[in-house]
Amino acid sequence: MTASSMEELVSLCKRRGFIFQSNDIYGGIKGLYDYGPMGVELKNNLKQAWWKSMVYERDDIEGLDASILSAPVVLQQSGHEDTFTDPLVDCKNCKSRWRADQLINNTCPECKSKNLTDPRPFNLMFKTAIGPVDDGSSFAYLRPETCQQIFTNFKNITDSTSRVVPFGIAQIGKAFRNEITPRNFIFRVREFEQMELEFFVKPGSDDAWHKYWVEKRIAWWETQGVSIKNLYPTEVEKAELSHYSKATVDIMYEFPHGKEELEGIANRTDFDLGSHTKNQKEYNITSEVKKNEHSTTKLGVQNLDEKTTYIPYVIEPSAGVERGLLAILNEAYTIENLENGNIRTVLKFKPHLSPIKAAVIPLKKNNEQIVAKAKAIKNELQNLGLGRVILENSGNIGKNYRRHDEIGTPICITVDFETLDDDSVTVRDRDSMNQERVSSKNLNQFYQKYFIK
Ligand code: GAP
């Protein structure tokens, strides 16, 4: 099941501590969000799942965590200073600003006036001063995508790891875009995170690798609980391709506000390393790159068979963390009509993504023995290292079940008077709501089974 509207998700996310409007108590800033106690866990779990599948489960990908502030020359060479723009129009009537390509019938969405300025390019990169004097002479950009530092670190990584093509470099981190019209909750924001892989291949093998990564990425989203029937891999039309791309497949997802891009998988050819390399003329660079008179480093690699050097091609799966969260929240969101006439809201996350892995609930919050046993169970499960386990000591079982359904906790474990006699606990399963008695000595194994793929 999915949510019937974005409002349902926004409301649950605020009520249960997933996502808040940033700077809320001062009126908020558009396009910025904060992640609360549940949101930070969900986000970390999603990023960890991506990292695990990219870096830990493979032997051909290395990780990187590079700086966010970027030297302007990097983004000049990459083409961002010239081309990373959206067409901006002003409404002369109400003074609001819009993206020209998102207007319907050239009409201001605010006041419905057609009295608009001509579109002009608006660069989406944020600038900030570097050093103590803000006189414009020394500035940096907040990176608009995480991948440029992967390209500028290419030689550092090949030298320090002895990697040879084909291999990849993965990075998760913040990116910033001064979107003209941030909207649809966390779908289009000004500060977000990307999970990007740059996979370096030999020219000629790029089409096959591109196909490989499209299939891999769709399969990965499925393992995060995103139904294949809501995913639409879509070939981007030639006229719509980014300046660096020979071919791009966008994985579109049916979000509550409509079908839009969740992840893009681009064949970036030799554009990136070709743009950032020293001595461009030494290589047979196939893409159109800006002349580089600043780079200190050659980024070509050896073709050992032919005893030549070449610039590797790049296949790039690039996913937004926030869009991933929105898709996962939407897929997990379920409303059930229960036999007793009640309605329950439950987030049916895959257990590895659940913010809380298990809630341990002492039936009587004032009973020392019961509370001590619950604490011991919490500590033991916590030490298994599968994520956050929580001791719920509010004493109201019904309320606890409702809260943990709504934040997607796979199991609730209740410690009661019987536990003191027979050392067993009641375990309630989130999805089936079935309750069963489990002996404490089997509990670790019982719990761990939820997280084994
Ligand atoms: N390095 C390639 C690149 O950045 P992109 O299509 O501009 O390509 C990749 O961005 C992904 O980043 C998108 O598929 C989307 O998931 C996410 N993304 C881009 N802009 C975003 C924004 N303003 N808010 C949230 N996510 C965004």
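This is a short tour of two sheets and three helices in a predicted model.

**Stop 1: the sheet of 5 strands**

Start by selecting β20 to β24, which build an open sheet with mixed pairing in the order β21-β20-β22-β23-β24. Look at the two ends of that order: β21 (388-391) and β24 (435-439) are the edge strands, and each has a single partner, so one side of each is left without a neighbour in the sheet. If you look along the sheet, the twist from one strand to the next averages 25 degrees.

Now narrow the selection to residues 356-362, which are strand β20, and keep β21 in view: the two pair in the parallel sense over 4 bridges. For a landmark, pick Ile-356 and find Arg-388 of β21 opposite.

**Stop 2: the helices on that sheet**

Next, add residues 368-382. This is helix α10, and it lies across β20, β21, β22 (411-415) and β23 (424-429). Compare directions while you are here: α10 runs at about 175 degrees to β21.

Then bring in residues 397-407, helix α11, which packs on the sheet and touches β20, β21, β22, β23 and β24. The direction of α11 makes about 180 degrees with that of β20.

**Stop 3: helix α7**

Move on to residues 206-223, helix α7. Its 18 residues reach 26 Å from the first C-alpha to the last, close to the 26 Å expected at 1.5 Å a residue.

Show side chains next. Which residues of α7 are buried? They are Asp-206, His-210, Trp-213, Val-214, Arg-217, Ile-218, Trp-220 and Trp-221. Turn the view until you look down the axis of α7: the buried residues fall within an arc of 160 degrees, so they line one face of the helix. The spacing follows a familiar rule: an α-helix has 3.6 residues a turn, so residues three or four places apart point the same way. On the other side of α7, select Ala-208 and Lys-211, which are exposed.

Before leaving, step past the helix to Gly-225, which follows α7 and has a positive phi, near 95 degrees.

**Stop 4: the sheet of 3 strands**

Finish with β5, β6 and β7, an open sheet in the order β6-β5-β7 with antiparallel pairing. Here β6 (97-99) and β7 (120-123) stand at the edges with a single partner strand each, so one side of each has no neighbour in the sheet. The twist averages 50 degrees from one strand to the next.

Select residues 85-90 to isolate β5, which pairs with β6 in the antiparallel sense over 3 bridges. As a last pick, click Leu-88 and look for Arg-99, its bridge partner in β6.

Notes. Residues are numbered from 1 along each chain as its sequence is written. This is a predicted model: local features need pLDDT of at least 70, side-chain atom pairs count only at pLDDT 80 or more; totals for chains, interfaces and linings use all residues. Side-chain values use heavy atoms; hydrogens and water are left out. Two strands pair if DSSP finds at least two bridges between them. Axes are lines fitted to C-alpha atoms, for helices over the stretch in contact, and angles run from 0 to 180 degrees between N-to-C directions. Contact means heavy atoms within 4.5 Å. The expected span of a helix is 1.5 Å times one less than its number of residues. Buried means under 20% relative accessible area, exposed over 50%, partly exposed in between (1.4 Å probe, protein chains only). The arc is that of the directions from the helix axis to the C-beta atoms.
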